[in-house]
Amino acid sequence: MLNLGQFFFEHVPMEGKITSNGNDPWAVFDSNASGGVSNNWAAQPEGTETGETSSSAWHSGHPQAYQGPGAEDDEWDEEWDDVKSSGGYAESEAGEGGAINRGGAHGSSMKIALNKFPGFSKSGPELYLLSKQPAKGTRLPVYGGEAGPVWAYPDYQLDCVVADPKKGTKMYGLKIDVVSCDPMFLQTTNKPVNHRYKHFDWLYERLLDKYGSAIPIPCLPDKQVTGRFEEEFIKMRMERLQGWMTRMCRHPVVSSSEVFQLFLSYKDEKDWKMGKRKAEKDETVGVMIFSTIEPEGLPDLDLIEVEQKCEQFNRFTRAMDDGVKDLLTIGNEHWKRCTGPLPKEYQRIGKAFQNLSSVFNSSGYEGEATLTDALTAAGKTYEDIAQMVAEQPKKDLHFLMETNNEYKGLLGCFPDTIGVHKAAIEKVKEADKLVATGKITTSEKITMSKRASTMSYALQAEMIHFHTNRIYDYNKVMQQYLEQQVKFYEMIAEKLRHAHSQFTTM
């Protein structure tokens, strides 16, 4: 059985790096996963890679909710939990596995509260827009920033380093360093914790259920049944979990949440069980997460402005998704050329030079030794270049593809998140008709408008967070890609210059 996690805390300086995770055809796995922190949370945005190798995960398959592992090897450890507490998630009729469509039993009580509104469905944004239940969750303030509304960023920043994958008995497996730049925080959490893949899946389900309506939660790495203990698969899963944890650590709301902190720093089995059950009974999930959001000092928005902000971001994410997929397609084709026909062309040129050298050598003319040696050397130079061409994608294109594949998965989560806001706007538009027919009061209509404004501020805060990270990530990966390209062509130029120097003229 593969167990996936031992956590402990360590203070490590942060430097932005990109890791080599992998998916065909760029399946290269870097063995040195390390990481650290910056003294400025906002300066190191979500998805920022740390350490000498990278922390980006690649997401494949359905970009929305992870459908859950099979029962073959990832059931809860008997010593840790019982079957009743694992919590099930039924697919909503509204969609197939999207972030906002996964719900637990706790949603039923909120649905009943709206039965007095016959014109409304019993699920969706109206659970929040007209709910009379006070929020019991931690408050999530949104502040006005220079570029627009922003989340409240904590004073410390977490980062994870996933390493040392091992097969073994229960509760021994991946070692994951969880680091913080706050010394006091370090002193209170410097204790190992252990996790299996099923625990990561549970965390993902909880985060998706709680935050999916407001924050895109990328899916976990794919589940694999056969060959899951093979070295490359274990390493691949380790690095993809590294990337997923890094992204969660970078998000100010997710990383500060009680369920995420439980995952990183539970004290013992009893603490884990109690925290797990508490998380599964959380009522501020789904659209009710908006009831905990507080726009600090920000005026209420009118419906037209809310709709414009929502549609603007929706257009951008769709366009970016197309651009990312296009780059992935072209990059994939280029990868195949670099590892297939292109090296073969260089090899053919090299062999042709060497064959010509052999022909010249057979003439018996003593004065052409320098020429034949130079031709042979030129042929070997082109064979070396062929090898360099075949290996180069691992050094540069790999990281570019990795970043785009990660953003492809992240962008795939936005339609559901944006869909919540669009549905809320439509409900508010129906308010006048509902007032006229006596289904809601004028006061409730005003409340709906104010809450739609709150939802818009949450979306805008997530937009700013996304854009900040996007700009950082693409600056970083393009810089690295072009640096490696420059080194590649400089090495080729150096080899060709050396081959050129072997030829002399009388």
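1. In this predicted model, Tyr-143 has Val-150 of strand E5 as its bridge partner. Strand E5 spans residues 149-151 and is joined to E4 by three bridges, the two strands running antiparallel. E4 and E5 form a hairpin with four residues between them. Within the turn, Gly-148 has a positive phi of about 140 degrees.

2. Strand E4 (residues 140-144) also pairs with strand E9 (residues 293-295), again through three bridges, but here the strands run parallel. Val-142 finds its bridge partner in E9 at Pro-295. E4 is thus bridged both to E5, in antiparallel fashion, and to E9, in parallel fashion.

3. Turning to the chain as a whole, 15 helices and nine strands are assigned. The chain has 506 residues, of which 51% count as buried. Of the contacts between residues at least 6 apart in sequence, 82% join residues at least 24 apart. The exposed area of the chain is about 23,400 Å², and carbon and sulfur atoms supply 53% of that area.

4. The aromatic residues merit separate comment. The structure holds 14 aromatic pairs. One of them is formed by Tyr-407 and Tyr-474, whose ring centres lie 5.3 Å apart with the planes at 55 degrees; the pair is therefore tilted, since edge-to-face requires an angle over 60 degrees. Tyr-407 belongs to helix H12 (residues 397-411) and Tyr-474 to helix H15 (residues 442-501), so the pair ties together parts that are 67 residues apart in sequence. Both Tyr-407 and Tyr-474 are buried.

5. A further pair involving helix H15 is that of Phe-414 and Phe-466, with 5.2 Å from centre to centre and 80 degrees between the planes, an edge-to-face arrangement. Phe-414 lies in helix H13 (residues 414-429) and Phe-466 in H15, and the pair links these distant parts of the chain, 52 residues apart. Phe-414 and Phe-466 are both buried.

6. Helix H15 also contains Tyr-481. Is Tyr-481 buried or exposed? Its relative accessibility is 16%, and it therefore counts as buried, the cut-off being under 20%. Leaving aside residues up to four places away in sequence, Tyr-481 touches Asp-396, Leu-397 and Leu-400. The C-alpha atoms of Tyr-481 and Phe-399 are separated by 7.4 Å, although these residues are 82 apart along the chain.

7. Elsewhere, ring pairs link five residues into a cluster: Phe-200, Trp-202, Phe-263, Tyr-266 and Trp-272.

8. Two cases of a charged side chain over an aromatic ring should be noted. The charged end of Lys-210 sits over the ring of Tyr-211, at 5.6 Å from the ring centre. Arg-451 lies over the face of Tyr-128, and here the distance to the ring centre is 5.4 Å.

9. As to cysteines, how many disulfides does a search of the whole structure find? The search returns zero. Cys-310 has a relative accessible area of 2% and is buried. Cys-338, at 7% relative accessibility, likewise counts as buried.

Definitions and conventions:
Residues are numbered from 1 along each chain as its sequence is written. This is a predicted model: local features need pLDDT of at least 70, side-chain atom pairs count only at pLDDT 80 or more; totals for chains, interfaces and linings use all residues. Side-chain values use heavy atoms; hydrogens and water are left out. Buried means under 20% relative accessible area, exposed over 50%, partly exposed in between (1.4 Å probe, protein chains only). Contact means heavy atoms within 4.5 Å. Accessible areas come from the Shrake-Rupley method with a 1.4 Å probe; for residues, only the protein chains shown count as cover. Rings of Phe, Tyr and Trp (its six-membered ring) pair if their centres lie within 6.5 Å; planes under 30 degrees apart count as stacked, over 60 as edge-to-face and the rest as tilted. A charge sits over a ring if NZ of Lys or CZ of Arg is within 6 Å of the ring centre and within 35 degrees of the ring normal. A disulfide is a pair of cysteine sulfur atoms within 2.5 Å. Two strands pair if DSSP finds at least two bridges between them.
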